[in-house]
Amino acid sequence: MLRNTNMRWRLPLVCFLWEIAMIVLFGVFVRYDITADPHWADHMKKNNITSNIENDFYFRYPSFQDVHVMIFVGFGFLMTFLQRYGFGSVGFNFLLAAFGIQWALLMQGWFHAFDTGKITIGVQSLINADFCVGSVCIAFGAVLGKVSPVQLMIMTLFQVTLFAVNEWILLNKLHVNDAGGSMTIHTFGAYFGLTVTWILNRPNLKQRNDKEGSVYHSDLFSMIGTLYLWMYWPSFNSAISDHGDAQLRAAINTYCSLASCVLTTVAISSVVNKKGKLEMVHIQNATLAGGVAVGTAAEMMLSPYGSLIVGFICGIVSTLGFTYLSPILSSKLKLHDTCGIHNLHAMPGLIGGIVGAVTAACATEGVYTAEGLKKMFRFENEYASRTPSIQGGYQAAGICVSLAFGLVGGTVVGFILKLPFWGDPEDENCFDDVVYWELPHEEDEDNGHTFNQYVTHLPEELKHPEKNPA
Amino acid sequence: MLRNTNMRWRLPLVCFLWEIAMIVLFGVFVRYDITADPHWADHMKKNNITSNIENDFYFRYPSFQDVHVMIFVGFGFLMTFLQRYGFGSVGFNFLLAAFGIQWALLMQGWFHAFDTGKITIGVQSLINADFCVGSVCIAFGAVLGKVSPVQLMIMTLFQVTLFAVNEWILLNKLHVNDAGGSMTIHTFGAYFGLTVTWILNRPNLKQRNDKEGSVYHSDLFSMIGTLYLWMYWPSFNSAISDHGDAQLRAAINTYCSLASCVLTTVAISSVVNKKGKLEMVHIQNATLAGGVAVGTAAEMMLSPYGSLIVGFICGIVSTLGFTYLSPILSSKLKLHDTCGIHNLHAMPGLIGGIVGAVTAACATEGVYTAEGLKKMFRFENEYASRTPSIQGGYQAAGICVSLAFGLVGGTVVGFILKLPFWGDPEDENCFDDVVYWELPHEEDEDNGHTFNQYVTHLPEELKHPEKNPA
Amino acid sequence: MLRNTNMRWRLPLVCFLWEIAMIVLFGVFVRYDITADPHWADHMKKNNITSNIENDFYFRYPSFQDVHVMIFVGFGFLMTFLQRYGFGSVGFNFLLAAFGIQWALLMQGWFHAFDTGKITIGVQSLINADFCVGSVCIAFGAVLGKVSPVQLMIMTLFQVTLFAVNEWILLNKLHVNDAGGSMTIHTFGAYFGLTVTWILNRPNLKQRNDKEGSVYHSDLFSMIGTLYLWMYWPSFNSAISDHGDAQLRAAINTYCSLASCVLTTVAISSVVNKKGKLEMVHIQNATLAGGVAVGTAAEMMLSPYGSLIVGFICGIVSTLGFTYLSPILSSKLKLHDTCGIHNLHAMPGLIGGIVGAVTAACATEGVYTAEGLKKMFRFENEYASRTPSIQGGYQAAGICVSLAFGLVGGTVVGFILKLPFWGDPEDENCFDDVVYWELPHEEDEDNGHTFNQYVTHLPEELKHPEKNPA
């Protein structure tokens, strides 16, 4: 029996119901915070703020827009490398992110900004919502081409929820730092996605599907995604750091780590190929691992050369992962990871968590100043007695919690998505836009009819040569 | 008789003459405003401004650059969906916008910043010029593929002029708010373009031209335009709002409306298709309607859930428009609208005007604070006695004025463009870059010669099978 | 004997060695400057800085990100116009820029920020490193498709070094202004690249290589590069100008010059074509000449109409260069310049230097204010006695020095790159990604196998018609 992949009622129902739920919940809970409210003028007077430029908008909006581009163009186009799944890559990423940011505003609001019965949102809320959705985009990379849009909407609903809980535990209970989200975004997102795709296991997809490859132009489209992720990653890692030196430091560290990562990626890509040729998949992905791996430590005093070392290592690890580990995971563990997120997000995310823990543990008042150390790690109130080495321990605990959330959450959600009525494609239709998209007419021709178009002018016996005795 | 589409003397003449005119007029009229003049240092001292960061540049330049990307990449690439009109879409959009911003600096300067016999320009002038050109890009969408570059230059000249007059009436005479331009940019621009294309009616283009469709890769190029418009729209709607909370509020409202709009667009796109498949044209266009429709009210206290509702409605209206209304307009009214701007700009623009009028009419001192209300609607000098409900009435009048300017202006300009010597293409050459662009050599092969290339190796009687008795 | 283009050991070796060198040198020399250090808080107190917004990060980070996009997406995609060299264009540009920015941080640091035995880096350092790499990207345009990645890495090493020396002479010894780098970036970079390609002369490449052309989609990819360069050029020219009016003025002047340049480019492109058709190569390149040519004078009181005139002239010069001069250089001087950087960077760079010198020489206290004049041209300390006209002379000297550095440096580096063991491609493999990249499988089909795919269904005698008696 063929699965029913017709989305006609399922997808609209999900979209409508959830958007109506958003409207109701926003109506009940969501308000502007003081920086976006006309009472800002009063607030300025009360707090002796003399200029509108002190509004958080001007500290963070440019970074927000860069992050926004990373989520929608960066992740969306990075995944267009598949020759026949460009619409799905960009389009479904657009859909899940647009839903995800709304739900993230609510979930993160309830956990982090819910004092007076209302969620108040400002520019940081928008950035955090984008961050949260980033982890869903990562998980999407693992299941790319193998699930229906309804499954993606359901995955987004659950993953955003779990993200908010995990983030709350890390930031508020373990009291750790994770400015660029090595743990909360990358480790959690990647292991969540990997577990989901492992449970959705398609044993007959083992042999490489013809459509699961790139073509020349699709690889170029994908490079648009790569470059925007690479260029704006300094904004990503610095977007919610403290005003002033912390934001700039996070940007510098990320810039350095990413630059270094490109060179070792190219080196390994060349050395593992018999003819020394570069593989596009490495350039598209492994060059970004340096950004992932300074996610936690970027705002800390990692120092420029420390950042270079992190990038150096991650370029190697990630490229080797694509070359040697992914095939093993696929054949031995039956773990089919379309975009190789294990190499780009999972391993570098873990490395990033460890780098963060070590950097935190090594912090000293000499380097940070006494006040700076307190501010950096929020050693205040009940946490006033923490020392850097204890903080390092908690940071390490944060990695484990994120990993656990990813694995357990992914298992649960994986089984939900395995239910038979979500309309996922047959194995032979995976990685093909034709299942969920009305394709342009010409496309049929691309798939083999071009010749026939001309053949119509040929004499009858040549049109159907197979009927012709040779 | 074939029309002469050779641009050799007409296009250079227009470009040279108009650019020389720009130079002369700029020489006579345009100067830097105080924020871009070395006297800024004196100005700071006189006004007790203690830091250069108070220069308007730092409040608005990031938003300006986002708007700039929307005009040139956003609109330019959005229109590349046509399979053989990518050069024209991006290239002519580039040309008309580059001319339009210069002419807009002058026109808007004469109307808005012309106190001492000079036009003084600063960062807001650049943004406003881009805004003005935005309305021309919209109108270009209606006539895309059916006009010559000379016609576009002439249309730009007139439309920018009319835009400035209409904007002056709305902002200075009716004294209405329209931060994101639902009325001045979208309603005016769209109805202007629709009227022009209606008057340039090509009765024999009725049956769908083969070239008036997309191919797989052209749809992906178009998504670059869509995503940049979508992502940067919060910057667009907040770019010229008051410093501080108003700018941030405009960004938040637009972000919310756009997110909501994506979900209802997907829902309707799926439900109107028999197999539940999504149409790229909907995802490319209708997802943006939410940004258009909060153009007027974005800076007001629309509230986040209000924004979600606006986006919710516009996704539905716009997608239904593409599905049901456009075919009717085309067959009954002979209104051929290449990009469907009626669905993306005209209807959402009207909705945006209405939302703005209602939101203004509902404004209270409790919500805005007494001072905030005055500041938001500029209730000062001769307008000091206005109340929100009266303001709502004027806002509604603004919609009508913009609509009238679009219809009447479009009629006049349409008849000018109908004159027979502007070099527009034959019906069968519409939507084809070959008319105005030197195409790369390989392109000939794409158009049917690929087969012949191989056929040259075939025996003679097979090369011209039509001569061969079957 | 075929050259060995296998990069397997050479490229990894170069990447690893150089990245390790970077790590060691960064470890010894590079530290955060005060704006990125936790001691920033102390610095604020000492200097009565009341707000973090005064951190240079907030003045310059948005401009930095725009410049970053220009280097990686702008230059990278601009060069994808070649039909079979998209991977090399984007990928090698990515590689050389990622290495170059690290080496530039060191070189520029030693020359400009090396007071206490350490190089301290902040947001300006990142921008300057990107600027320096911009000159390498320009030179890459001249040799595009004809060199190996190892050669590019070596060229980058030397060119960045020479850039830093030249820049130091201009800024510190001649004490000239060059905010947007007409001299240091464009003149130096272009003549360096032209000399290198002239020395690497390939006499048998004279006749036009089939692959040295564009296809429809590659021209559209290239327009992504063009538009990002064009849109963000105002940020480029204003990125390191003084805070306040100078930054805004630089942005306005660049905006005006670029707008004007588009119109004359289109005019000339149409007039030089018999059928009046536009050439994509002109639109992709000559439209940018206006940005190059206001590089030096952008921050000065060039005035908006002055900027229009500069753009007007450069659009003409650059387009005429592509049409008439490039073929002559190629046939008479054996100068093969793949991207036409002579037209886009060399000539407009010289014009930019001259415009800068003239604008400086004409500066008066009336226009700049007495203080403003001193600040603009740093008439202080030993330079306190300089007058504008003397400054103009030094500016002119700066052009000559940059030109000399480009020519002499290019000669030396050209001969180094001519050594026979760097793995550059055979003439017939130039402009083809197949040499250094593992191409997607489908690509074979694109190169002529598509027909055979269908032909297998034809009777034997038609499969090999050439064997068939006609």
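Buried area is the accessible area (1.4 Å probe) that two parts lose on being put together, summed over both. With that in hand, let's work through a few exercises on this predicted model.

**Exercise 1. Describe the interface of chain A and chain C: how much area is buried, and which residues of chain A supply the most?**

Step 1. Start with the area: chain A and chain C bury about 6,900 Å² between them. Carbon and sulfur atoms account for 74% of that area.

Step 2. Look for the top contributors on chain A. Tyr216(A), Tyr255(A) and Leu263(A) supply 13% of what chain A buries against chain C, more than any other three residues.

Step 3. Count residues in contact: 77 from chain A meet 83 from chain C.

**Exercise 2. Find the salt bridge between chain A and chain C, then say which element of chain A gives the largest share of residues to that side.**

Step 1. The rule finds one salt bridge across this interface. The cut-off is a Lys or Arg side-chain nitrogen within 4 Å of a carboxyl oxygen of Asp or Glu. Lys45(C) and Glu371(A) meet it, with N to O at 3.3 Å.

Step 2. Add the polar contacts, which come to 28 residue pairs, both residues at pLDDT 80 or more.

Step 3. List the elements of chain A that give two or more residues to the side touching chain C; among them are α3, α8 (216-238), α9 (245-271) and α12 (304-332). The largest share, 19 residues, comes from α9(A).

Step 4. Sort that side of chain A by residue class: 46 nonpolar, 20 polar and 11 charged.

**Exercise 3. Turn to chain B and chain A: what is the buried area, and which residues form the salt bridge?**

Step 1. The area buried here is about 6,900 Å², with 74% from carbon and sulfur atoms. On chain B, Tyr216(B), Tyr255(B) and Leu263(B) supply 13% of the area that chain B buries against chain A, more than any other three residues.

Step 2. One salt bridge is counted between these chains. Lys45(A) pairs with Glu371(B), their closest N and O atoms being 3.3 Å apart.

**Exercise 4. Characterise the largest cavity: what is its volume, and which residues lie nearest its centre?**

Step 1. There are 15 cavities of 30 Å³ or more, and the largest holds about 210 Å³ of space.

Step 2. Its lining has 21 residues; Tyr58(A), Pro62(A), Tyr58(B), Pro62(B) and Pro62(C) lie nearest the centre.

Step 3. Trace the lining to its elements: α3 (56-78) of chain A, of chain B and of chain C each supply at least two residues.

Step 4. Finish with the chemistry: 18 lining residues are nonpolar, three are polar and none is charged.

Key
Residues are numbered from 1 along each chain as its sequence is written. Chains are lettered from A and ligands numbered from 1 in the order in which they are written. This is a predicted model: local features need pLDDT of at least 70, side-chain atom pairs count only at pLDDT 80 or more; totals for chains, interfaces and linings use all residues. Side-chain values use heavy atoms; hydrogens and water are left out. On a 1 Å grid over the protein atoms alone, a cavity is a set of points where a 1.4 Å probe fits but cannot get out, and a pocket is an open set with protein on both sides within 12 Å along at least five of seven lines; lining residues have an atom within 4 Å of a point. Grid points are joined across faces, edges and corners, and a volume is the space filled by probe spheres set on the points. Helices (H or I, at least four residues) and strands (E, at least two) are DSSP runs, numbered from the N terminus. Ala, Val, Leu, Ile, Met, Phe, Trp, Tyr, Cys and Pro count as nonpolar, Asp, Glu, Lys and Arg as charged, and the others, Gly among them, as polar. Contact means heavy atoms within 4.5 Å. A polar contact is a pair of N or O atoms within 3.5 Å; within protein, one must be able to donate a hydrogen and the other to accept it, and residues adjacent in sequence count only if both atoms are side-chain atoms.
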